[in-house]
Amino acid sequence: MNKVGLTLLTAVFGGAVALGGYKLIENKKFDGKSFEDKQKVYFANNPVGAMSSTGNPDFTQAAAAVSPGVVHIKTTYTRKGSQESQGSPFDMFEEFFGMPQGGGRRQMQSQPIQASGSGVIISDDGYIVTNNHVVEDADKIEVVLTDKRTFEAKLIGRDPNTDIALLKVAGKGLPVVKLGNSDNVNVGEWVLAFGYPLGLQSTVTAGIVSATGRDIGILREGQQQRGNPFGGNTNQPLASSAIESFIQTDAVINKGNSGGALTNAAGELIGINSAIASPTGVYAGYGFAIPVNLVKKIADDFVEFGNVKRGYIGINYQPVTSELAKERGITDVNGLFVEDVVAGGAAEAAGIKKGDILTKINGKVITGSPVLGETIGRLRPGDKVNITYKRDGKEKQVSLTLKGEESLKTASASGKASKSATEIYNKLGASFIPASAQKKKELGVNSGVVVTQVNRGGIFDYFGVERGLVITEVNGKAVNTVDDVETALGATQRNIVRLKGVSPQGGAVQLSFPVEY
C-alpha cells in the first residue's frame with residue numbers, strides 16, 4: 001500500500017473512532033438531561049418550520065406537527081364484587097371525560113371497566129404526559145398513536161395535587177410535541193386543543209385563551225374526599241397541597257380530551273387539558289388546562305426522583321376579599337392574608353408572622369392563590385424565593401428557603417398532641433365580624449360575632465353552619481371579636497366545641513361538634 005493510501009486509511013479510521021467516542025459521550029450526557037433539554041437536541045436535529053398566527057388564522061402547519069404526538073389512552077379497570085360509593089368531585093371528571101372515578105351512588109360491576117382519554121408524547125423514547133385522573137387505579141394502560149401503532153404503557157408517576165401523570169412506552173423515534181413556555185401565554189391569543197373526544201379519532205379544535213391563573217377548586221375537592229394529608233382545614237394550604245392555576249380557553253374540549261394538548265398557534269405545547277366548566281357534562285364554553293411549565297417540573301421529578309419534590313412556605317392563608325378587608329381593616333386589594341405560620345417552617349424562619357399580607361413573590365404581584373401556588377409548585381425543597389409582604393402598612397422583603405413535605409408533616413403531627421386555639425379556629429373554616437350594636441339590639445343579645453363566610457371543607461361547612469348566624473358564646477364564653485372567638489376556642493375540652501347563637505330569623509341555636517370529624 002502506498003504512503004498516500006495508508007495516510008488516507010489512517011485518517012478515516014481515526015475519524016470513525018472520534019465520531020464513535022463523541023456519540024458515546026453525547027448519549028451519556030443526554031440521559032441526564034431534563035425533558036426540555038432533550039427536546040432542544042431533538043428539534044435541533046428535527047427542525048420545525050416557523051409558524052405564525054398573524055393575518056387570517058391558518059393552523060394547518062401546527063395541526064400537522066402536533067397531531068401525531070397526541071395519543072389515545074385506553075384504560076382498563078377490574079372491579080371485584082359490587083360496591084356502592086358516595087359522590088366524589090372526580091365524578092365531574094367522569095362526567096366530562098368518561099373516567100370511572102368517584103361514581104355517585106351506583107353499583108360497580110365485576111366485569112372489567114374500560115375508559116379513555118388522551119396523552120402527549122414529550123420525548124421520542126416514549127415518555128407521555130397525561131392527567132392523573134385518566135390513569136388513576138387503572139389495571140392496564142394502552143396507548144394508541146395516530147398511525148395505529150399500539151403500546152402497553154408503564155406508569156412512571158402520578159400526582160393528584162396537579163392532576164399530572166407520566167407514562168412510558170417501549171417505542172423509539174416517536175413523534176414529539178414541542179414544549180412551549182406557559183409564562184408567555186396571553187389572554188386573547190389563538191390556541192388549539194388536541195385529543196380524542198366523544199369516541200372520535202384524533203381531533204383538533206381552535207379558540208382563544210380566555211383567562212390565566214384560574215382556580216376552580218376541583219383538585220382541592222378531590223383531596224377532601226381522599227383525606228387531608230396534613231390534617232386540618234382542607235381550605236388551607238397545609239391541608240391542601242393541590243395546585244390550581246389553569247389556562248382557561250374557549251377551544252372546544254369534550255369527553256376524551258382529558259390529558260390532551262393545548263398548544264399555541266406555533267404548535268408549541270402550553271398546557272395539558274384537564275377539565276371543563278359545564279352544567280351538562282359536555283362542552284358549554286370553557287375548558288381548563290394545566291400550564292406546561294408546571295407539567296415540565298412534575299415530569300422531570302418523576303424521572304429524576306420517582307416522585308414529586310415540592311417545596312413549602314409553611315403558612316395558612318386566605319385571599320384578601322372585601323369581607324376580609326373590612327373585618328381586618330386591610331386596604332390592599334391584592335395579596336394573601338397569613339392566618340397562621342407553621343412552627344419550624346420556611347416562613348417562620350424568614351420572620352413572616354400571622355397577620356402579614358403577602359403581596360409579591362419573586363417580584364410578581366400576588367393577585368390570588370394561583371400565583372403563589374404555581375410559583376411554589378415549580379420549585380423544590382431548598383430553593384429560595386423572594387417574598388414581599390406588608391405589616392402595619394409597611395412593605396418588607398425577605399428571602400426564604402423552601403422546606404419539604406416531611407417537615408410540615410412533622411410539625412402537623414406534633415401539633416396534634418395539643419391542639420392550639422389557632423389550629424381549632426382554622427379548622428372552623430369561617431370568617432367573622434363583630435355584630436353591630438343595632439344587630440345585638442334587634443336580636444336581644446349582649447354579645448356576638450356574625451359568620452360572614454363559610455369555606456368549603458371546614459367544620460362549619462361539614463355541620464351545616466350558615467352565613468349570617470350570630471354566635472354569642474363559644475365554650476361558655478361571651479364573644480364580641482375575632483380574638484374573643486380564638487381565645488374561647490382555647491377552652492375546648494375533649495375536642496368538642498360548644499356554640500350558642502341566634503339565627504338570622506331570630507331563633508336560638510346551640511351547637512356542639514368535634515374538632516376531628
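Contact here means heavy atoms within 4.5 Å. With that in hand, welcome to a short tour of this predicted model. The stops are a nonpolar core of 36 residues, the largest in the model, a pair of packed helices, α12 and α15, and two further buried residues, Ser-182 and Thr-388.

**Val-485 and its surroundings**
- Val-485 sits in helix α15, and it touches Tyr-425, Phe-432, Val-449, Val-474 and Val-479, leaving out residues up to four places away in sequence.
- Because buried means under 20% relative accessible area, Val-485 counts as buried at 2% relative accessibility.
- One of its partners, Val-474, is 11 residues away along the chain, and the C-alpha atoms of the two are 6.6 Å apart.

**The α12 and α15 pair**
- Val-485 also takes part in a helix pairing: α12 (residues 421-428) packs against α15 (residues 482-489) with the axes 8 Å apart and an angle of about 115° between them.
- The two helices are therefore roughly perpendicular to each other, and their crossing is right-handed.
- On the α12 side, the contact is made by Ala-421, Thr-422, Ile-424, Tyr-425 and Leu-428, while α15 brings Val-482, Val-485, Glu-486 and Leu-489.
- Sorted by character, the residues of this contact are 7 nonpolar, 1 polar and 1 charged.

**The largest nonpolar core**
- Within this core of 36 residues, those with the most contacts are Val-120, Ile-122, Val-129, Leu-166 and Leu-269.
- Both helices and strands give two or more residues to it, among them α3 (60-66), β3 (127-130), β7 (164-168), β12 (269-277) and α7 (292-305).
- Helix α7 provides the largest share, with 6 residues.
- Take Val-120 as an example: beyond its neighbours up to four places away in sequence, its contacts include Tyr-127, Ile-128, Val-129, Val-177, Leu-269 and Ile-272, along with the glycines Gly-69, Gly-259 and Gly-260.

**Two buried hydroxyl residues, one in a loop and one in a strand**
- Ser-182 lies in the loop that runs between β7 and β8, and it is buried, with a relative accessible area of 10%.
- Setting aside neighbours within four places in sequence, Ser-182 is in contact with Ile-247, Ile-270, Pro-291, Val-292, Asn-293 and Glu-374.
- Thr-388 belongs to strand β18, which covers residues 384-391, and Thr-388 counts as buried at 7% relative accessibility.
- Again leaving out residues up to four places away, Thr-388 touches Ile-357, Leu-358, Thr-359 and Lys-360, as well as Glu-395, Lys-396 and Gln-397.

Key
Residues numbered from 1 in each chain as written. Predicted model: local features only at pLDDT ≥ 70, side-chain atom pairs only at ≥ 80, totals over all residues. Heavy atoms only, no water. Core = buried A, V, L, I, M, F, W, Y, C linked by side-chain atoms within 4.5 Å. Buried < 20%, exposed > 50% of the residue type's maximum accessible area, 1.4 Å probe, protein only. Helix = DSSP H or I, 4+ residues; strand = E, 2+ residues; numbered from the N terminus. Axes fitted to C-alpha atoms, helices over the stretch in contact; angles between N-to-C directions. Parallel < 35°, antiparallel > 145°, perpendicular 65-115°, else oblique. Left-handed = near helix turned anticlockwise from the far one by under 90°. Nonpolar A, V, L, I, M, F, W, Y, C, P; charged D, E, K, R; others polar.
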